[in-house]
Amino acid sequence: MRRALICVTLAGSLGMSNQADRPFDQTKTLAQLRQQIAGKEQLPAEEVFRNIQDYKGVPAASLLRGMEFYGRVLGVTCTHCHVADQWERDDKPAKQITREMSAMVDTITSTLRKMRNLPSERPGVPCATCHRGQLKPATAESVVDRPESVVGRSGLQTGTRRRPEDHGGLRTAS
Ligand code: HEC
Ligand code: HEC
(Lines give C-alpha, C1' and ligand atoms only; values in the text may rest on other atoms or scores of the structure.)
(Ligands and ions follow the chains in the order given, each with its own letter.)
Protein backbone atom coordinates (compact mmCIF):
# COMPACT_ATOMS: atom_id res chain seq x y z
CA MET A 1 0.00 0.00 0.00
CA ARG A 2 2.76 2.42 0.92
CA ARG A 3 4.47 1.65 -2.31
CA ALA A 4 1.22 2.22 -4.13
CA LEU A 5 0.99 5.71 -2.72
CA ILE A 6 4.45 6.59 -3.92
CA CYS A 7 3.58 5.34 -7.38
CA VAL A 8 0.40 7.35 -7.40
CA THR A 9 2.25 10.51 -6.53
CA LEU A 10 4.67 9.87 -9.36
CA ALA A 11 1.97 9.04 -11.84
CA GLY A 12 -0.02 12.07 -10.77
CA SER A 13 2.89 14.40 -11.31
CA LEU A 14 3.32 12.91 -14.76
CA GLY A 15 -0.26 13.85 -15.51
CA MET A 16 -1.38 10.28 -15.87
CA SER A 17 -4.61 10.41 -13.99
CA ASN A 18 -7.28 10.91 -16.59
CA GLN A 19 -9.95 8.78 -14.94
CA ALA A 20 -13.41 9.91 -14.03
CA ASP A 21 -14.04 10.81 -10.39
CA ARG A 22 -15.09 7.78 -8.47
CA PRO A 23 -15.46 7.01 -4.83
CA PHE A 24 -13.33 3.82 -4.88
CA ASP A 25 -9.59 4.26 -5.32
CA GLN A 26 -9.79 3.19 -8.92
CA THR A 27 -7.84 6.18 -10.16
CA LYS A 28 -5.00 5.43 -7.77
CA THR A 29 -5.13 1.77 -8.62
CA LEU A 30 -4.86 2.40 -12.33
CA ALA A 31 -2.09 4.92 -11.83
CA GLN A 32 -0.19 2.35 -9.83
CA LEU A 33 -0.68 -0.34 -12.44
CA ARG A 34 0.41 2.01 -15.23
CA GLN A 35 3.51 2.75 -13.25
CA GLN A 36 4.17 -0.95 -12.78
CA ILE A 37 3.99 -1.65 -16.50
CA ALA A 38 6.01 1.43 -17.47
CA GLY A 39 8.23 0.54 -20.44
CA LYS A 40 6.17 -2.57 -21.16
CA GLU A 41 2.99 -0.89 -22.35
CA GLN A 42 3.28 -2.24 -25.88
CA LEU A 43 4.25 -5.79 -24.94
CA PRO A 44 1.55 -8.42 -25.34
CA ALA A 45 -0.59 -8.58 -22.21
CA GLU A 46 0.31 -12.22 -21.58
CA GLU A 47 3.98 -11.27 -21.21
CA VAL A 48 3.23 -8.57 -18.68
CA PHE A 49 0.35 -10.06 -16.68
CA ARG A 50 -0.13 -13.53 -15.27
CA ASN A 51 -3.46 -15.01 -16.25
CA ILE A 52 -4.40 -13.73 -19.67
CA GLN A 53 -6.82 -15.78 -21.73
CA ASP A 54 -8.84 -13.22 -23.69
CA TYR A 55 -6.40 -10.39 -24.20
CA LYS A 56 -3.57 -12.46 -25.71
CA GLY A 57 -1.61 -10.37 -28.18
CA VAL A 58 -3.21 -7.14 -27.02
CA PRO A 59 -0.77 -4.51 -25.72
CA ALA A 60 -0.63 -4.37 -21.93
CA ALA A 61 -1.70 -0.72 -21.88
CA SER A 62 -4.79 -1.60 -23.91
CA LEU A 63 -5.73 -4.25 -21.39
CA LEU A 64 -5.86 -1.59 -18.69
CA ARG A 65 -8.00 0.61 -20.90
CA GLY A 66 -10.26 -2.38 -21.49
CA MET A 67 -10.59 -2.80 -17.72
CA GLU A 68 -11.73 0.77 -17.31
CA PHE A 69 -14.18 0.25 -20.11
CA TYR A 70 -15.65 -2.84 -18.47
CA GLY A 71 -16.25 -0.87 -15.32
CA ARG A 72 -18.00 1.92 -17.16
CA VAL A 73 -20.29 -0.18 -19.28
CA LEU A 74 -21.35 -2.20 -16.27
CA GLY A 75 -21.45 0.62 -13.73
CA VAL A 76 -18.98 -1.04 -11.35
CA THR A 77 -15.41 -0.62 -10.22
CA CYS A 78 -12.55 -3.11 -10.45
CA THR A 79 -13.51 -5.00 -7.33
CA HIS A 80 -16.74 -6.27 -8.80
CA CYS A 81 -14.61 -8.68 -10.82
CA HIS A 82 -11.33 -8.69 -8.90
CA VAL A 83 -9.87 -9.12 -5.50
CA ALA A 84 -8.03 -5.78 -5.41
CA ASP A 85 -4.32 -6.08 -6.12
CA GLN A 86 -4.63 -9.79 -6.90
CA TRP A 87 -5.70 -9.22 -10.45
CA GLU A 88 -4.69 -12.63 -11.79
CA ARG A 89 -7.02 -14.53 -9.47
CA ASP A 90 -10.27 -15.88 -10.87
CA ASP A 91 -12.21 -16.15 -7.60
CA LYS A 92 -14.97 -13.72 -8.43
CA PRO A 93 -17.65 -15.16 -10.72
CA ALA A 94 -18.02 -11.88 -12.59
CA LYS A 95 -14.49 -12.22 -13.97
CA GLN A 96 -15.16 -15.55 -15.59
CA ILE A 97 -18.63 -14.42 -16.69
CA THR A 98 -16.93 -11.52 -18.43
CA ARG A 99 -14.77 -13.90 -20.45
CA GLU A 100 -17.88 -15.82 -21.45
CA MET A 101 -19.68 -12.58 -22.30
CA SER A 102 -16.81 -11.66 -24.64
CA ALA A 103 -17.13 -15.00 -26.39
CA MET A 104 -20.88 -14.46 -26.67
CA VAL A 105 -20.32 -11.01 -28.17
CA ASP A 106 -18.08 -12.58 -30.83
CA THR A 107 -20.71 -15.17 -31.65
CA ILE A 108 -23.53 -12.66 -31.92
CA THR A 109 -21.40 -10.28 -33.94
CA SER A 110 -20.53 -12.94 -36.47
CA THR A 111 -24.21 -13.82 -36.78
CA LEU A 112 -25.13 -10.16 -37.28
CA ARG A 113 -22.51 -9.77 -39.96
CA LYS A 114 -24.09 -12.52 -42.00
CA MET A 115 -27.41 -10.69 -42.08
CA ARG A 116 -28.19 -8.73 -45.20
CA ASN A 117 -29.64 -5.26 -45.47
CA LEU A 118 -28.92 -4.09 -41.94
CA PRO A 119 -28.56 -0.32 -41.79
CA SER A 120 -25.06 -0.43 -40.23
CA GLU A 121 -22.09 -1.46 -42.30
CA ARG A 122 -20.47 -3.26 -39.39
CA PRO A 123 -23.20 -4.08 -36.91
CA GLY A 124 -22.03 -5.29 -33.52
CA VAL A 125 -23.14 -5.85 -29.96
CA PRO A 126 -20.63 -4.22 -27.65
CA CYS A 127 -21.25 -4.82 -23.94
CA ALA A 128 -22.97 -1.44 -23.82
CA THR A 129 -25.72 -2.58 -26.18
CA CYS A 130 -27.18 -4.65 -23.39
CA HIS A 131 -25.63 -3.29 -20.22
CA ARG A 132 -25.89 0.48 -20.72
CA GLY A 133 -24.00 1.21 -17.57
CA GLN A 134 -25.68 -1.42 -15.42
CA LEU A 135 -24.92 -4.96 -14.37
CA LYS A 136 -28.37 -6.14 -15.22
CA PRO A 137 -29.49 -5.57 -18.79
CA ALA A 138 -32.99 -4.40 -19.52
CA THR A 139 -35.68 -7.05 -19.38
CA ALA A 140 -38.77 -7.10 -21.55
CA GLU A 141 -40.75 -6.18 -18.48
CA SER A 142 -38.59 -3.19 -17.67
CA VAL A 143 -38.87 -1.84 -21.18
CA VAL A 144 -42.56 -2.47 -21.71
CA ASP A 145 -43.84 -1.54 -18.28
CA ARG A 146 -41.35 1.04 -17.16
CA PRO A 147 -39.71 2.66 -20.14
CA GLU A 148 -37.88 5.17 -17.97
CA SER A 149 -35.79 2.42 -16.41
CA VAL A 150 -34.03 1.76 -19.69
CA VAL A 151 -32.29 5.08 -19.54
CA GLY A 152 -31.56 4.63 -15.87
CA ARG A 153 -33.51 7.65 -14.71
CA SER A 154 -35.67 6.16 -12.04
CA GLY A 155 -37.68 3.19 -11.07
CA LEU A 156 -34.93 0.63 -11.43
CA GLN A 157 -36.31 -2.55 -10.08
CA THR A 158 -33.25 -3.63 -8.19
CA GLY A 159 -32.68 -1.27 -5.34
CA THR A 160 -28.99 -2.16 -5.17
CA ARG A 161 -28.31 -1.29 -8.77
CA ARG A 162 -26.18 1.76 -9.29
CA ARG A 163 -27.33 4.31 -11.77
CA PRO A 164 -25.11 5.58 -14.56
CA GLU A 165 -25.33 9.05 -13.04
CA ASP A 166 -23.62 7.73 -9.92
CA HIS A 167 -20.36 7.12 -11.65
CA GLY A 168 -20.51 9.23 -14.77
CA GLY A 169 -18.54 8.35 -17.81
CA LEU A 170 -20.84 6.09 -19.69
CA ARG A 171 -22.70 8.79 -21.45
CA THR A 172 -19.43 10.15 -22.74
CA ALA A 173 -18.39 6.73 -24.08
CA SER A 174 -19.65 5.87 -27.52
C1 HEC B 1 -16.44 -6.82 -15.55
C2 HEC B 1 -15.30 -7.48 -14.97
C3 HEC B 1 -14.00 -6.73 -14.81
C4 HEC B 1 -13.81 -5.48 -14.30
C5 HEC B 1 -14.84 -4.49 -13.82
C6 HEC B 1 -12.39 -5.28 -14.27
N7 HEC B 1 -11.74 -6.38 -14.74
FE8 HEC B 1 -9.75 -6.67 -14.81
N9 HEC B 1 -10.01 -8.45 -15.71
C10 HEC B 1 -11.23 -8.99 -16.05
C11 HEC B 1 -11.02 -10.18 -16.83
C12 HEC B 1 -12.09 -11.08 -17.42
C13 HEC B 1 -9.62 -10.35 -16.93
C14 HEC B 1 -8.89 -11.47 -17.65
C15 HEC B 1 -8.68 -11.10 -19.11
C16 HEC B 1 -8.10 -12.25 -19.91
O17 HEC B 1 -8.30 -13.41 -19.58
O18 HEC B 1 -7.42 -11.96 -20.92
C19 HEC B 1 -9.02 -9.24 -16.21
C20 HEC B 1 -7.65 -9.07 -16.06
C21 HEC B 1 -7.06 -8.03 -15.38
C22 HEC B 1 -5.64 -7.87 -15.17
C23 HEC B 1 -4.55 -8.85 -15.58
C24 HEC B 1 -4.27 -9.75 -14.38
C25 HEC B 1 -3.26 -10.86 -14.65
O26 HEC B 1 -2.17 -10.84 -14.05
O27 HEC B 1 -3.60 -11.75 -15.46
C28 HEC B 1 -5.46 -6.72 -14.48
C29 HEC B 1 -4.15 -6.12 -14.02
C30 HEC B 1 -6.77 -6.15 -14.27
N31 HEC B 1 -7.72 -6.98 -14.83
C32 HEC B 1 -7.01 -4.96 -13.61
C33 HEC B 1 -8.26 -4.38 -13.49
C34 HEC B 1 -8.47 -3.07 -12.93
C35 HEC B 1 -7.39 -2.17 -12.38
C36 HEC B 1 -9.80 -2.83 -13.00
C37 HEC B 1 -10.54 -1.57 -12.63
C38 HEC B 1 -10.13 -0.40 -13.39
C39 HEC B 1 -10.43 -4.01 -13.59
N40 HEC B 1 -9.46 -4.91 -13.87
C41 HEC B 1 -11.78 -4.14 -13.82
C42 HEC B 1 -12.47 -8.51 -15.68
C43 HEC B 1 -12.69 -7.29 -15.11
C1 HEC C 1 -26.72 -9.58 -25.78
C2 HEC C 1 -26.78 -8.87 -24.50
C3 HEC C 1 -25.49 -8.84 -23.70
C4 HEC C 1 -24.26 -8.41 -24.11
C5 HEC C 1 -23.82 -7.88 -25.47
C6 HEC C 1 -23.40 -8.52 -22.95
N7 HEC C 1 -24.09 -8.98 -21.88
FE8 HEC C 1 -23.39 -9.29 -20.00
N9 HEC C 1 -25.16 -10.00 -19.42
C10 HEC C 1 -26.27 -10.14 -20.24
C11 HEC C 1 -27.31 -10.83 -19.52
C12 HEC C 1 -28.70 -11.17 -20.07
C13 HEC C 1 -26.80 -11.09 -18.24
C14 HEC C 1 -27.47 -11.85 -17.10
C15 HEC C 1 -28.25 -10.90 -16.24
C16 HEC C 1 -28.93 -11.66 -15.14
O17 HEC C 1 -28.60 -12.81 -14.89
O18 HEC C 1 -29.81 -11.07 -14.52
C19 HEC C 1 -25.45 -10.55 -18.22
C20 HEC C 1 -24.65 -10.60 -17.12
C21 HEC C 1 -23.34 -10.13 -17.09
C22 HEC C 1 -22.50 -10.14 -15.93
C23 HEC C 1 -22.86 -10.69 -14.57
C24 HEC C 1 -23.59 -9.63 -13.82
C25 HEC C 1 -23.16 -9.55 -12.39
O26 HEC C 1 -24.03 -9.32 -11.54
O27 HEC C 1 -21.96 -9.67 -12.14
C28 HEC C 1 -21.31 -9.58 -16.28
C29 HEC C 1 -20.09 -9.37 -15.41
C30 HEC C 1 -21.42 -9.21 -17.67
N31 HEC C 1 -22.67 -9.56 -18.13
C32 HEC C 1 -20.44 -8.61 -18.41
C33 HEC C 1 -20.53 -8.32 -19.77
C34 HEC C 1 -19.45 -7.77 -20.55
C35 HEC C 1 -18.10 -7.35 -20.00
C36 HEC C 1 -19.90 -7.67 -21.83
C37 HEC C 1 -19.13 -7.25 -23.07
C38 HEC C 1 -17.94 -8.05 -23.32
C39 HEC C 1 -21.27 -8.15 -21.83
N40 HEC C 1 -21.60 -8.54 -20.58
C41 HEC C 1 -22.07 -8.18 -22.95
C42 HEC C 1 -26.39 -9.69 -21.54
C43 HEC C 1 -25.37 -9.20 -22.31
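1. Read along the sequence, the protein runs α-α-α-α-α-α-α-α. In other words, this predicted model contains eight helices and zero strands. Of its 174 residues, 16% count as buried. Among contacts with a separation of 6 or more, 39% join residues that lie 24 or more positions apart.

2. Confidence should be considered before any detail is read. The average pLDDT of the protein is 80, and 70% of the residues score at least 70. Residues 1-22 have a pLDDT below 50, and in the model this stretch makes 31 contacts beyond near neighbours in sequence. For residues 154-174 the pLDDT likewise stays under 50, with 32 contacts in the model beyond four places in sequence. By element, helix α1 (residues 2-13) has the lowest confidence, at a mean of 38, whereas α3 has the highest, at 98.

3. The surroundings of ligand 1 comprise 27 residues, and the closest of them are F49, M67, C78, C81 and E88. Two or more residues of this shell come from each of α2 (26-36), α4 (60-74) and α5 (93-112). The greatest contribution is that of α4, with five residues. By character, the shell around ligand 1 divides into 13 nonpolar, eight polar and six charged residues.

4. Ligand 2 has 16 residues around it, of which A94, M101, C127, C130 and L135 come nearest. The elements giving two or more residues to this shell are α4, α5 and α6 (127-131). Here α5 supplies the largest share, six residues. The shell around ligand 2 consists of eleven nonpolar residues, four polar and one charged. Helices α4 and α5 are thus listed for the shell of ligand 1 and also for that of ligand 2.

5. Helix α4 merits separate comment. It has 15 residues and reaches 22 Å from its first C-alpha to its last, close to the 21 Å expected at 1.5 Å a residue. Its buried residues are A60, L63, Y70, G71, R72, V73 and L74. The cover over these buried residues includes α3 (45-48), α5 and α6. Just after α4, G75 adopts a positive phi of about 70 degrees.

6. Is Q36 of helix α2 buried, exposed or partly exposed? Q36 counts as partly exposed because it has 13 C-beta neighbours inside 10 Å, and the exposed class ends at 12 or fewer. Between the C-alpha atoms of Q36 and V48, which are twelve residues apart along the chain, the separation is 9.7 Å.

7. Two residues deserve a check of their backbone angles. Most residues other than glycine have a negative phi. N117, although not a glycine, has a positive phi of about 70 degrees. The residue lies in the loop between α5 and α6, and N117 is exposed because 4 other C-beta atoms lie within 10 Å. R132, also a residue other than glycine, has a positive phi near 50 degrees. R132 is placed in the loop between α6 and α7 (140-145). With 18 C-beta neighbours inside 10 Å, R132 is classed as partly exposed, because a buried residue needs 20 or more.

Methods: Residues are numbered from 1 along each chain as its sequence is written. Chains are lettered from A and ligands numbered from 1 in the order in which they are written. This is a predicted model: local features need pLDDT of at least 70, side-chain atom pairs count only at pLDDT 80 or more; totals for chains, interfaces and linings use all residues. A residue is near a molecule or strand if its C-beta atom, placed from the backbone, lies within 6 Å of it. Helices (H or I, at least four residues) and strands (E, at least two) are DSSP runs, numbered from the N terminus. Ala, Val, Leu, Ile, Met, Phe, Trp, Tyr, Cys and Pro count as nonpolar, Asp, Glu, Lys and Arg as charged, and the others, Gly among them, as polar. Two residues are in contact if their C-beta atoms, placed from the backbone, lie within 7 Å. The expected span of a helix is 1.5 Å times one less than its number of residues. pLDDT is the predictor's confidence in each residue, from 0 to 100.
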